[in-house]
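Hi everyone, thanks for making time. I'd like to walk you through one structure, so have a look at it while I talk.

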Amino acid sequence: MCKDCGCSIPEHNHEHEHHHHHHHTNPALGDKKTVEVLKKILSANDEQAESNRRHFERHGILAVNLMSSPGSGKTTLLERTIELLKDELKIGVIEGDLETNRDAERIKKKGAPAYQITTGQACHLDAFMVHEGIHHLPLEELDIVFIENVGNLVCPASYDVGAHLNVVLLSTTEGEDKPEKYPVMFKNSQLMLITKADLLPYMDFDVEKAVESARKVNPSLDVITLSAKTGEGMELWLDYLKFKLKVLRNALQKAKASP
């Protein structure tokens, strides 16, 4: 069920099978019964998401939801992040793709535990899928868990998966007006990473315009420009993650100490 892209609404189940029939309009969305089903699905997802978050917090883990269009460099960013943090923090990854386990295999080759979720026809991960992934990771050994969502700038933004931080990637190979074209994704994120900065000399992409577009949608959005290939901006990204982890753990300690 994808309330933003206008897909038809199937029966919800934990298998999360999607049957997409795209139209310019979707009369079913105005049907009272359909709206009630939609509310129930989102409510159940939100409850599971909160459970996921508490599960991560019991282990002092920062959960980060990575979202973007296909080909923006999510997996490459994760590979480089794992390499650079291997002596400081332990990272686990829940991978989401329609088919294949290639991304999970790439992560495992870098020495990090990973669990692949193949969604079939579903265009996003939901909280129930992530819950399954949680139980396939050694949480007691981890500091950060990345949830690499399905490549899509629409549907993932509507589903809380239980992360503490939503990060959206915008590649220099895309248009700088993407935030205004796909506002829900950028409104629901705390950080935008402008990736593939090494390609800027060859692309008609204006970083300032991209930031301006994003801030129109979300004035409080943090922005980091980086290249996983050259390392430009990676230190800022790593510092950001370490800071967010420290803030989370301090909050958890205070909550535990309070009567």
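Let me begin with the make-up of one pocket: the lining of the largest pocket has three nonpolar, eight polar and five charged residues. Please keep in mind that this is a predicted model.

That pocket has a volume of about 200 Å³. Which residues sit closest to its centre? Of the 16 that line it, they are Pro70, Gly71, Lys74, Asp97 and Gly151. Three elements each give two or more residues to this lining: α2 (74–85), β2 (91–97) and α3 (102–109). The largest share comes from α2, with three residues.

Now for the second largest pocket, with about 160 Å³ of space. Its lining divides into seven nonpolar residues, one polar and four charged. Among the residues there are Ile82, Leu89, Ile91, Lys110, Pro113 and Glu141.

On to the sheet. How many strands does it have, and in what order? There are seven, in an open sheet with parallel pairing, and the order is β3-β2-β4-β1-β5-β6-β7. At the edges you'll find β3 (114–118) and β7 (222–225), each pairing on one side only. From one strand to the next, the twist averages 20 degrees.

If you zoom in on β1 (residues 62–67) and β5 (residues 165–171), they pair in the parallel sense over four bridges. Asn65 has Asn166 in β5 as its bridge partner.

Finally, two helices. Our pocket-lining α2 lies across β1, β2, β4, β5 and β6, at about 170 degrees to β2. Helix α8 (residues 234–257) lies across β1, β4, β5, β6 and β7, and runs at about 140 degrees to β1.

Thanks, happy to chat!

Key. Residues numbered from 1 in each chain as written. Predicted model: local features only at pLDDT ≥ 70, side-chain atom pairs only at ≥ 80, totals over all residues. Heavy atoms only, no water. 1 Å grid on protein atoms, 1.4 Å probe; cavity = no way out; pocket = protein on both sides within 12 Å on 5 of 7 lines; lining within 4 Å. Points joined across faces, edges and corners; volume = space filled by probe spheres on them. Nonpolar A, V, L, I, M, F, W, Y, C, P; charged D, E, K, R; others polar. Pairing = 2+ DSSP bridges. Axes fitted to C-alpha atoms, helices over the stretch in contact; angles between N-to-C directions. Contact = heavy atoms within 4.5 Å.
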